[in-house]
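These notebook entries record what I looked up in one protein model. I began with the whole chain and then turned to single sites.

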Amino acid sequence: MSGTFLGTPAFPAAARAALEDSQLRRNLAHATSTIRTKRGNVVGEVDDWEQLRLAGEAIKNRVLRHLPDYLEQLERSLTAAGATVHWARDAAEANAVVVDIARRHGTDEVVKVKSMATQEIDLNSALEAAGIHAWETDLAELIVQLGDDLPSHILVPAIHRNRAEIREIFLREMGRAGRAAPADLTDEPARLAAAAREHLREKFLRAKVAVSGANFAVAETGTLTVVESEGNGRMCLTLPEVLVSVVGIEKVLPTFQDLDVMLQLLPRSSTGERMNPYTSTWTGVTPGDGPQEVHVVLLDNGRTDVLADSTGRQALRCIRCSACLNVCPVYERTGGHAYGSVYPGPIGAILTPQLRGVGTDPQTDSLPYASSLCGACFEVCPVRIDIPEVLVHLRAEVVDAHRKASRVPSVQDVAMKAASWTLSSAARTGAAERVAGIGGKLAGRLGRTAPGGRSILGAVPGPASAWSDSRDVPVPAAESFREWWTRTDGGRSRSDNTDGGRSRNDDTDGGRSRNDDTDGGRRNGDGA
């Protein structure tokens with residue numbers, strides 16, 4: 001079983017530790033740049049890519065506007081196809097359903113298709129507590145599980161590991177969980193994949209129960225879809241007698257035609273491929289073919305709360321492609337572990353706080369700030385989620401939550417109220433400007449000159465010290481705007497632009513006028 005994110009520190013502390021790991025940074029830089037390049041190539045082949053993005057956005061928006069109706073239609077379609085539908089309000093209810101099904105079939109192990117939803121509810125831990133082993137079959141998830149590690153990426157959970165590290169994990173851990181790795185195993189990708197294939201095959205052949213997620217669920221037919229690159233998922237979906245699929249309620253699509261759009265957007269945005277090597281679809285139970293008992297757990301777990309937020313609900317459009325992670329300069333340098341969630345990167349920075357709620361956990365509250373707001377994530381999102389907009393929205397929610405929870409106003413609150421009181425009165429504003437001018441004259445003697453000739457102060461003591469640690473604090477102007485306006489008649493007076501107390505267009509310059517009749521006692525232009 002892999003570890004959990006419990007106890008992960010707030011993002012700034014976790015990111016600082018990640019930045020000190022040079023091997024991690026090299027692994028991430030290589031992997032993300034490779035995926036970015038592949039994505040750019042296949043997206044560039046599509047003349048109407050932006051139209052596809054707009055279509056994907058429109059489909060998901062229609063789903064969110066009519067979500068109850070489509071979910072009820074999906075339930076009817078699934079039931080008609082022979083599946084059993086379960087509704088789960090939270091992780092506890094979803095886990096209880098899966099554990100109960102496994103127990104009823106007398107099994108002590110299940111095989112799993114890679115699934116973000118089951119990671120979100122920590123299903124593996126719930127199964128382990130019930131004495132049931134959950135075996136991950138996706139290659140990257142297997143690496144994470146054997147290494148008692150945590151996933152670091154939505155698409156490539158072991159992106160933080162290189163080939164040499166994977167070889168050591170296989171040699172050390174495979175024998176404890178089943179078929180051991182060959183003693184002569186090298187770090188060649190083909191040899192590593194072969195070792196994983198042999199290790200997993202015996203698990204596929206003996207498993208009675210499989211657990212999956214779903215990339216999409218089509219309401220009109222009850223068809224679930226999983227896309228993957230290795231074929232392990234298809235083994236899970238066809239060999240066991242019982243299949244349980246845990247599906248977030250936002251994964252529903254109205255029609256098969258809508259699925260066509262998504263299957264063009266997802267592979268190009270995720271793996272940089274025109275289509276996924278394996279696209280598996282199943283509709284309930286087919287007598288004599290595949291699992292003969294099919295269960296679908298429709299998971300809420302905070303999604304209806306997200307839906308109620310008119311700005312934040314666009315996060316539910318996410319199709320888990322991970323394109324935003326691969327272009328994010330913050331993610332590329334820190335990796336996914338620093339986010340403390342199964343949803344890392346930009347999408348995790350907006351989805352996790354909404355699912356968990358803000359104002360109670362410092363780690364969760366730090367996530368909306370884990371961004372430079374550069375906007376690269378929006379540019380590559382196949383369903384046009386405006387992640388920067390939601391980040392700013394959530395930052396405001398975090399501030400408001402702490403303001404309501406604290407009885408003592410913060411220094412920032414006090415400063416803002418003082419500024420509001422001052423600026424709401426012309427007289428008070430004028431008085432403040434005069435005081436600032438006096439302060440500027442005094443501070444000018446203590447300041448230093450920055451590049452460009454600006455006068456700046458050093459570190460500011462007291463509550464403002466954190467602000468000044470990362471910013472240049474300018475020396476207040478010796479003359480206020482009001483004073484300048486009065487002196488220059490709004491910039492129209494020739495007495496403007498003084499230098500050393502003398503106007504550049506003044507009547508005299510060092511006792512001599514530039515346009516005076518004499519220059520040093522001689523007339524300008526005089527030959528004498």
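The entries below go from overall form to charges, backbone, helices and single residues.

**Entry 1. Overall form**

I noted at the outset that this is a predicted model. I looked up the secondary structure and found 23 helices and 15 strands in the protein. I then checked the radius of gyration: the value is 31 Å, well over the 24 Å that the globule rule gives for 528 residues, so the protein is more spread out than a compact globule. For the outer dimensions, I recorded a box of roughly 115 × 55 × 50 Å along the principal axes, filled by the C-alpha atoms.

I next asked how much of the chain is covered. Of the 528 residues, 47% count as buried. The accessible surface comes to about 25,800 Å², and carbon and sulfur atoms account for 52% of that surface. I also looked at how contacts are distributed along the sequence. Taking contacts between residues at least 6 apart, I found that 72% join residues at least 24 apart.

**Entry 2. Charges and salt bridges**

I counted 61 positive and 68 negative charges in the protein, and their mean positions lie 4 Å apart. The structure holds 26 salt bridges; I took up three pairs and one network.

I began with Arg 104, which forms a salt bridge with Asp 100, the closest N and O atoms being 3.2 Å apart. Both residues lie in helix H5, which spans residues 91–104. They are four residues apart, about one turn of the helix. As a general point, an α-helix has 3.6 residues a turn, so residues three or four places apart point the same way. I recorded Asp 100 as partly exposed, with a relative accessible area of 38%.

The second pair was Asp 184 and Arg 191, whose side chains meet in a salt bridge at 3.3 Å, N to O. I asked how each partner stands towards the surface. Asp 184 is exposed, with a relative accessible area of 53%, because the cut-off for exposed is over 50%. Arg 191 counts as partly exposed at 30%.

The third pair was Arg 487 and Glu 479, with 2.9 Å between the closest N and O atoms of their salt bridge. Both are partly exposed: Arg 487 has a relative accessible area of 31%, and Glu 479 is at 33%. I then noted a network in which salt bridges that share partners join Glu 50, Arg 53, Glu 57, Arg 317 and Arg 384.

**Entry 3. Positive phi angles**

Arg 384, a member of that network, came up again when I examined the backbone. Its phi is near 55°, a positive value in a residue other than glycine. I placed Arg 384 in the loop between helix H18 (376–380) and helix H19 (387–405).

Asp 148 also has a positive phi, near 45°. I set these entries against the general rule that most residues other than glycine have a negative phi. Asp 148 is found in the loop between helix H8 (139–146) and helix H9 (163–177). I recorded Asp 148 as exposed, with a relative accessible area of 51%.

**Entry 4. Helix H8**

From Asp 148 I went back to helix H8, which precedes its loop. How many of the residues of H8 are buried? I found that seven of its eight residues are buried, and the helix is mostly covered. The buried residues are Ala 140, Glu 141, Leu 142, Ile 143, Val 144, Gln 145 and Leu 146. I then looked up what they pack against, and found helix H6 (116–120), helix H7 (123–129), strand S3 (133–136), H9 and helix H10 (189–206).

**Entry 5. Asn 276 and Val 392**

I located Asn 276 in the loop between helix H12 (256–270) and strand S9 (278–282). Is this residue, Asn 276, buried or exposed? Asn 276 is buried, with a relative accessible area of 7%. Leaving aside neighbours within four places in sequence, I listed its contacts as Val 227, Glu 228, Ser 229, Pro 267 and Thr 271.

Last, I looked up Val 392, which lies in helix H19. Val 392 counts as partly exposed at 45% relative accessibility. I recorded a distance of 23 Å from Val 392 to Cys 321, C-alpha to C-alpha, for a separation of 71 residues in sequence.

Methods
Residues numbered from 1 in each chain as written. Predicted model: local features only at pLDDT ≥ 70, side-chain atom pairs only at ≥ 80, totals over all residues. Heavy atoms only, no water. Helix = DSSP H or I, 4+ residues; strand = E, 2+ residues; numbered from the N terminus. Rg over C-alpha atoms; globule rule 2.2 N^0.38 Å. Buried < 20%, exposed > 50% of the residue type's maximum accessible area, 1.4 Å probe, protein only. Contact = heavy atoms within 4.5 Å. Areas by Shrake-Rupley, 256 points an atom, 1.4 Å probe, with all protein chains shown as cover. Lys, Arg positive; Asp, Glu negative; His and termini not counted. Charge placed at Lys NZ, Arg CZ, Asp CG, Glu CD. Salt bridge = Lys/Arg side-chain N within 4 Å of Asp/Glu carboxyl O.
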